[in-house]
Amino acid sequence: MTYDPTNIFGKILRGELPAHKVYEDDTALVMMDIFPQSRGHALVIPKAASRNLLDADPAALAAVIPLVQRVAKAAKTATGADGVRVAQFNEAAAGQTVFHLHFHIIPVYDGIALGTHAGGGRADDAELIALAKDIAAAL
Ligand code: AMP
């Protein structure tokens with residue numbers, strides 16, 4: 001399987017589609033998931049082109065994991081969550097729906113079940129803007 005640059009995250013990285021951005025640098029973009037599994041669900045997207053973990057450059061993986069940790073900590077702090085799930089899917093059989101590597105940062109709250117992966121409703125934009133700001137402030 002090869003990387004297809006017309007995927008939705010490729011378009012967001014090129015500025016062709018909007019996103020609720022939390023953070024951006026030369027190597028990665030962090031944004032809110034618009035169909036979140038919980039309040040504060042964010043995505044860490046390396047800018048280097050790869051479909052997923054399987055074809056990624058190990059150097060790009062090494063560079064992004066510290067940011068995954070930072071965002072996980074910031075999302076937990078900003079939302080008051082009790083825990084954080086970090087998830088990553090490789091190919092459709094494993095649940096992947098957007099074929100540009102990304103890591104899910106999903107705050108988890110005691111007593112509240114997570115929504116379905118890539119199958120829930122679209123979140124309110126005003127709420128996503130506020131969450132992006134709060135997580136950015138906690139980075
Ligand atoms: P995966 O199934 O692991 O490829 O995850 C893709 C994620 O992207 C899902 O959680 C979707 O809710 C999310 N998603 C799809 N389109 C957008 C978009 N335009 N902006 C933000 N998140 C999106």
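# Salt bridges, pocket and ligand contacts

Glu16 has a relative accessibility of 47% and therefore counts as partly exposed. This value, like the others in this report, was computed from a predicted model.

**Salt bridges**

The structure contains 5 salt bridges. One of them joins Glu16 to Arg14, with 2.8 Å between the closest N and O atoms. Arg14 is likewise assigned to the partly exposed class, its relative accessibility being 44%.

A second bridge is formed by the side chains of Glu91 and Arg51, with an N to O distance of 2.6 Å. Glu91 belongs to the loop between β4 (83-87) and β5 (103-108), while Arg51 belongs to the loop between β3 (42-46) and α2 (58-79), so this bridge ties together parts that lie 40 residues apart in sequence. Glu91 has a relative accessible area of 19% and is buried, because buried means under 20%. Arg51 is also buried, with a relative accessible area of 8%.

Asp125 pairs with Arg122, and here the closest N and O atoms are 3.5 Å apart; the pair counts as a salt bridge because the cut-off is 4 Å. The relative accessible area of Asp125 is 33%, which places this residue in the partly exposed class. Arg122, at 52%, is exposed, because the exposed class begins over 50%.

In addition, a network of salt bridges links Lys21, Glu24 and Lys47.

**The largest pocket**

The volume of the largest pocket is about 490 Å³. Its lining comprises 23 residues, and those nearest the centre are Phe9, Met31, Asp33, Ile34 and Phe35. By residue class, the lining consists of 13 nonpolar, 7 polar and 3 charged residues.

Which secondary-structure elements each supply at least two residues of the lining of the largest pocket? They are helix α1 (8-13) and strand β2 (28-32). Of the elements, α1 gives the most to this lining, namely 3 residues.

**Surroundings of the ligand**

There are 16 residues around the ligand, and the nearest are Asp33, Thr97, Val98, His104 and His117. Asp33 is also one of the residues nearest the centre of the largest pocket. The table lists polar contacts made with oxygen atoms of the ligand.

| Residue | Protein atom | Distance to a ligand oxygen atom |
|---|---|---|
| Gly95 | Backbone N or O atom of Gly95 | 3.2 Å |
| His102 | Polar side-chain atom of His102 | 2.9 Å |
| His104 | Polar side-chain atom of His104 | 2.8 Å |

Gly95 thus approaches a ligand oxygen through a backbone atom. His102 does so through a polar atom of its side chain, and His104 likewise uses a polar side-chain atom. His104 is, moreover, among the residues that come nearest to the ligand.

**A side-chain contact in helix α2**

Thr79 lies in helix α2. Is Thr79 buried or exposed? Its relative accessible area is 8%, so Thr79 is buried. The side chain of Thr79 reaches the backbone oxygen of Ala75, at a distance of 2.6 Å.

Note on methods. Residues numbered from 1 in each chain as written. Predicted model: local features only at pLDDT ≥ 70, side-chain atom pairs only at ≥ 80, totals over all residues. Heavy atoms only, no water. Buried < 20%, exposed > 50% of the residue type's maximum accessible area, 1.4 Å probe, protein only. Helix = DSSP H or I, 4+ residues; strand = E, 2+ residues; numbered from the N terminus. 1 Å grid on protein atoms, 1.4 Å probe; cavity = no way out; pocket = protein on both sides within 12 Å on 5 of 7 lines; lining within 4 Å. Points joined across faces, edges and corners; volume = space filled by probe spheres on them. Nonpolar A, V, L, I, M, F, W, Y, C, P; charged D, E, K, R; others polar. Near = heavy atom within 4 Å. Polar contact = N/O pair within 3.5 Å; in protein donor to acceptor, adjacent residues only side chain to side chain.
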